[in-house]
Structures are given as structure tokens and as C-alpha cells.
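Let's take a friendly look at how the pieces of this fold are arranged. Here is the structure to keep beside you as you read.

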Amino acid sequence: MPVHKIKTWLFGDESKNSPEAKVDLKKIKPYGDHLGDGAMQLSFTLPLAMSPEAKEAAKIYAERMGLEKVIVASAERIGESFSFFVVYGHSRQVLDFTRVKVPKAEFEIFSREEIESKIKNTLKRKIVVVGATTGSDAHTVGIDAILNRKGYKGDYGLESYQGFKVYNLRAQVENETLLKKAREFKADAILVSKLVTQQDQHLKDLKDLTLLLKKEKGLNPHLIKIVGGPRITHAIAKRAGFDAGFGTGTLPSEVASFIVGELTKKAN
């Protein structure tokens with residue numbers, strides 16, 4: 001028997017797993033053991049005491065979600081009347097990836113030298129940025145990563161640029177306080193960080209801030225409003241009245257580029 005036939009007999013058709021295997025972007029399915037098999041893993045909790053009936057309930061529930069060949073791989077008691085399950089199954093659903101559109105901030109990424117040069121030669125003054133984690137949110141990891149000199153992933157924060165003057169108000173800052181400081185420091189941009197909230201409180205906070213911005217007197221009429229955080233997308237930010245929304249993984253230089261790009265457009 002030829003070697004390639006022996007390998008196929010032992011390991012299956014490896015051509016389906018190869019990087020060269022053709023992917024139909026109009027019929028995307030999860031990748032499990034090979035392309036297009038639709039295999040996936042789910043974990044969930046049911047409000048049922050652990051029992052054979054509870055395991056069967058988990059299997060039936062996954063099947064009613066549309067999965068086939070369902071296997072309950074793991075079942076654990078996590079309390080008096082609760083059980084945790086890990087199930088495997090195959091989905092028949094396909095997705096046309098070519099129709100997936102995600103609104104995102106469109107802007108040019110500049111190098112550090114380009115950012116400094118545009119500030120020095122076009123704006124001819126420092127850019128003032130006021131940032132805070134607002135509301136009840138006590139987390140400062142995101143706002144510190146963007147504003148503080150140390151930055152994030154080797155990409156230094158806005159404080160490290162000669163052309164930026166940064167005021168980091170830190171955490172649990174009321175919207176009124178943020179706007180008061182923005183007015184006092186004559187801010188060109190405000191950065192709002194929203195990390196962890198319950199029951200979509202972050203969205204309510206952002207809408208409240210937008211309402212206050214409309215009433216506030218004495219702010220820069222061209223104030224750039226940016227919000228960031230793991231639950232934030234550009235679409236959410238725009239709906240809340242902001243100029244841009246940045247999610248997890250955004251680098252300080254990207255935020256700097258957006259601010260500089262917006263201000264230089266207005267300057268020209």
C-alpha cells in the first residue's frame with residue numbers, strides 16, 4: 001500500500017487540515033478535527049442537582065440548540081442544586097463571512113516621529129488629554145496602559161510624547177468631575193475607560209456623560225471624545241455620542257494617531 005494511503009488510513013485525510021486547504025468564506029463552520037466539521041465545545045450551568053437525569057438534560061438542551069452528535073464530556077456538582085457541564089457537539093449552521101461588517105474607527109497610524117512632527121509643525125502646541133475611569137468602576141489598567149509613560153506591549157503611553165500633556169484622573173471619577181477638569185485644563189480630548197460594570201451600567205454612564213457634554217459651557221468646541229474598554233466597540237461608542245471606541249488590545253500609539261489625525265484635519 002502506498003505511504004500516503006497508509007497515513008490516510010491511520011490519521012484521516014490530513015489535506016483537510018493543511019494550511020493550503022481551501023476555505024469557503026461564504027460557508028464558514030467551526031473547526032474541530034478538520035475544516036468544516038462544525039465541532040465545538042460549550043460549557044454551562046444548569047440549576048439541577050447532579051444526577052444521570054441532569055446529564056441527560058444537558059445533552060438534550062445542547063441538541064435543542066441545534067447541535068448534533070452531542071457528548072457530555074464533563075459534569076460536576078457545583079452546589080446543592082447546581083451542576084456544571086462541558087459538552088461537545090457539531091453545528092450544521094454555516095456563516096457567510098463575506099457579509100460580516102464591523103464598524104471601526106478609520107484613521108491613519110503614524111509613527112512616533114510622525115506624531116511628534118505633526119504636533120510640532122502643524123498644531124504648534126501641546127495636545128491636552130484628560131482621562132479617567134468613570135462611575136463606580138475602580139479599574140485603571142486600561143486607562144493607565146494608554147496614558148501612562150510605561151504604556152502597553154512595549155508601546156509607550158501618551159505621557160512619553162513631548163507633544164502631549166496628559167492628566168490621568170484615575171478611577172471612580174464622576175462625569176461632572178471629568179468635565180470640570182477638561183474645562184480647567186482646556187482639554188483637546190477626553191479618554192473615558194469603562195472596564196467592569198454590571199447590568200450595562202457603563203452604557204448608562206456614557207449616555208449621561210454625553211448629555212452633560214451638551215449642556216457644559218466652556219469646553220473646547222472641537223473636543224475629541226474617546227471611550228475604551230473590553231466591552232466597548234466603535235459602534236457602541238458612536239451610538240453613545242463619542243468620536244471613537246477602542247477595545248481590548250488597542251495600543252497607545254493608535255490612540256495618539258487618532259487624536260493627532262483628528263486635530264490636524266481640523267487645523268487644516
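A crossing of two helices is called left-handed if the near helix is turned anticlockwise from the far one by less than a right angle, and right-handed if it is turned clockwise. Please keep in mind that this is a predicted model.

## A pair of helices

Helix H3, covering residues 112–123, packs with helix H8, covering residues 252–267. Their axes lie 10 Å apart and make an angle of about 20°. Angles under 35 degrees count as roughly parallel, and H3 and H8 are therefore roughly parallel to each other. Their crossing is left-handed.

If you would like to find the contact yourself, look in H3 for Ile 115, Lys 118, Ile 119, Thr 122 and Leu 123. They meet a set of H8 residues made up of Ser 253, Ala 256, Ser 257, Val 260, Leu 263, Thr 264 and Ala 267. By character, the residues of this H3 and H8 contact comprise 7 nonpolar, 4 polar and 1 charged.

## A sheet and its helix

Now for the strands. An open sheet is formed by 3 strands in the order S1-S3-S2, with antiparallel pairing. Strand S1 (39–46) and strand S2 (67–77) are the edge strands, each pairing on one side only. On average, neighbouring strands of the sheet are turned by 20° against each other, direction ignored.

Between S1 and strand S3 (residues 83–91), the antiparallel pairing runs over 8 bridges. Ser 43, for instance, has Val 86 in S3 as its bridge partner. Helix H2 (residues 52–64) packs on the sheet and touches S1, S2 and S3. The direction of H2 makes about 145° with that of S2.

Technical notes
Residues are numbered from 1 along each chain as its sequence is written. This is a predicted model: local features need pLDDT of at least 70, side-chain atom pairs count only at pLDDT 80 or more; totals for chains, interfaces and linings use all residues. Side-chain values use heavy atoms; hydrogens and water are left out. Axes are lines fitted to C-alpha atoms, for helices over the stretch in contact, and angles run from 0 to 180 degrees between N-to-C directions. Helices (H or I, at least four residues) and strands (E, at least two) are DSSP runs, numbered from the N terminus. Angles under 35 degrees count as roughly parallel, over 145 as roughly antiparallel, 65 to 115 as roughly perpendicular and the rest as oblique. Contact means heavy atoms within 4.5 Å. Ala, Val, Leu, Ile, Met, Phe, Trp, Tyr, Cys and Pro count as nonpolar, Asp, Glu, Lys and Arg as charged, and the others, Gly among them, as polar. Two strands pair if DSSP finds at least two bridges between them.
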